[in-house]
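Here is a short report on one protein chain. Look at the sequence and the model first, then read on.

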Amino acid sequence: MLKKVIASFLVFILCFGVLQVSAQGKSEYYSYAADLWIDNQLIGNEFFYHNGNMLVPLHVVELLGATYEFEPETWRIRIQSESQSLTMHIANYQCANQAKLEKMPAKPTFYNNTVMIPIRYVAESLGMSVSWDGKTDSVYVSTTGNIPEEFIDLRRDDVENGLLTNKIIIVDPGHGGSDPGAVAGNIKEKDLNLQVAKILTDMLKEAGANVYMTRKDDRYVGLYTRAAIANNLNADLFISIHHNASSNSAAKGVMTLFYPSSKKQKMNGQKFAQIVQKNMVNDLNAPDWGIIARPNLVVTRETRMPAALAELGFMSTKSELERLVTYEFQEQAAKSLYKSIIEALKE
Ligand SMILES: [Zn+2]
């Protein structure tokens with residue numbers, strides 16, 4: 001069940017203490033668990049993001065051998081290394097990099113009363129190498145220019161399955177945090193969605209894909225934020241995982257939702273949905289509710305890559321629920337979605 005969460009980005013802002021919101025009122029900031037390494041030292045594993053860029057506390061620049069100043073009256077941030085100087089402002093994309101004005105990929109902000117800066121931009125401007133490994137969710141900053149082999153880049157091609165190499169897949173477990181989705185007794189849809197999403201993510205990572213989950217734990221993430229994550233990473237495919245509920249207590253089966261687009265592409269949401277649905281019906285031996293065009297679904301409408309939302313079964317039907325909570329079913333569902341992702345990428 002996909003609830004239309006209208007002003008829910010407000011909850012997100014309150015939870016994460018974000019000051020800025022874009023003109024449309026859609027927050028582009030989100031928190032995400034990923035490791036930050038500087039040389040061989042693990043600095044932390046929970047950071048804040050804007051436009052797909054990791055933001056870290058300003059004082060982290062000291063670990064890069066730089067000094068900093070922050071002027072609260074003007075919101076001005078200055079970062080100084082031996083050879084470089086950067087001047088930027090909170091809530092502003094512009095940065096004076098030496099004498100040159102540049103547009104940064106993300107805006108500095110405040111978070112928990114801390115000034116947060118985009119680490120990749122800053123480190124690269126200071127002449128350092130930065131790598132993001134989507135398989136282990138790590139950002140690696142090297143002050144010496146030597147990035148250990150295990151961190152070499154987001155798009156490593158050390159995996160035999162060439163199809164998933166260079167691909168970025170977004171796995172979106174529906175609901176989370178204050179939004180449980182469908183509820184049946186003490187079973188919440190958000191938990192079932194996450195379980196299947198984790199299994200699918202592991203399978204994809206093992207096969208060499210770069211996978212990004214819109215949430216990795218039980219937290220609230222706004223629908224527009226989910227789409228923004230995918231768009232900012234320029235992902236290749238987006239799969240949202242949900243479970244259904246109905247007032248008909250005998251309803252059983254699977255359906256796949258998509259955003260109806262008139263764009264003629266080799267692969268689009270509708271085609272992806274067809275593949276997902278066909279495989280789920282077969283692999284899960286489930287009644288076929290077909291694919292359904294849903295023009296108002298935010299995650300499939302706002303994402304710019306082929307996107308589909310899979311409903312894996314009806315939690316409201318007792319006998320179906322008994323199946324949905326088993327690891328065997330969840331693994332089977334993940335395998336089926338995995339197969340569909342491969343098929344869609346082959347098209
Ligand atoms: Zn749902």
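## Nonpolar core

This is a predicted model. Its largest nonpolar core holds 93 residues, and Ile119 and Ile169 touch the most other members. Helix α3, residues 189-206, supplies the largest share of this core, with seven residues. The core also takes at least three residues from each of two domains: domain 1 (33-151) and domain 2 (168-346).

Which residues does Ile119 contact, once its neighbours within four places in sequence are left aside? The partners are Leu36, Met54, Val56, Val60, Val139 and Val141.

## Overall make-up

The protein has eight helices and 22 strands. Of its 347 residues, 44% are buried. Consider the contacts with a separation of 6 or more: 64% of them link residues 24 or more positions apart.

## The five-strand sheet

Five strands build an open sheet. Their order is β1-β4-β5-β12-β11, and the pairing is antiparallel. The edges belong to β1 (29-32) and β11 (109-111). Each has a single partner strand, so one side of each lacks a neighbour in the sheet. From one strand to the next, the twist averages 40 degrees.

Now take the β1 edge. The partner there is strand β4, residues 47-50, and four bridges join the two antiparallel strands. Within this pair, Tyr29 stands opposite His50 in β4. As background, strands of a sheet pair through backbone hydrogen bonds, either parallel or antiparallel.

## A parallel pair and its crossover

Strands β20 (residues 254-258) and β21 (residues 288-293) run parallel. Four bridges join them. One bridge partner in β21 is Asp288, which pairs with Val254.

Which helix completes the β-α-β unit with β20 and β21? Helix α5, residues 269-283, does, and the unit is right-handed.

## Helix α4

Is helix α4 largely enclosed or left open by the rest of the structure? Eight of the 10 residues in α4 (residues 223-232) are buried, so the helix is largely enclosed by the rest of the structure. The cut-off for a buried residue is 20 or more other C-beta atoms within 10 Å of its own.

The buried residues of α4 are Leu223, Tyr224, Thr225, Arg226, Ala227, Ala228, Ile229 and Ala230. After α4 comes Asn234, with a positive phi near 55 degrees.

Conventions: Residues numbered from 1 in each chain as written. Predicted model: local features only at pLDDT ≥ 70, side-chain atom pairs only at ≥ 80, totals over all residues. Core = buried A, V, L, I, M, F, W, Y, C linked by C-beta atoms within 7 Å. Buried ≥ 20, exposed ≤ 12 C-beta atoms within 10 Å, placed from the backbone. Domains from an automatic or database assignment. Contact = placed C-beta atoms within 7 Å. Pairing = 2+ DSSP bridges. Right-handed = clockwise from strand over helix to strand, strands pointing away. Axes fitted to C-alpha atoms, helices over the stretch in contact; angles between N-to-C directions.
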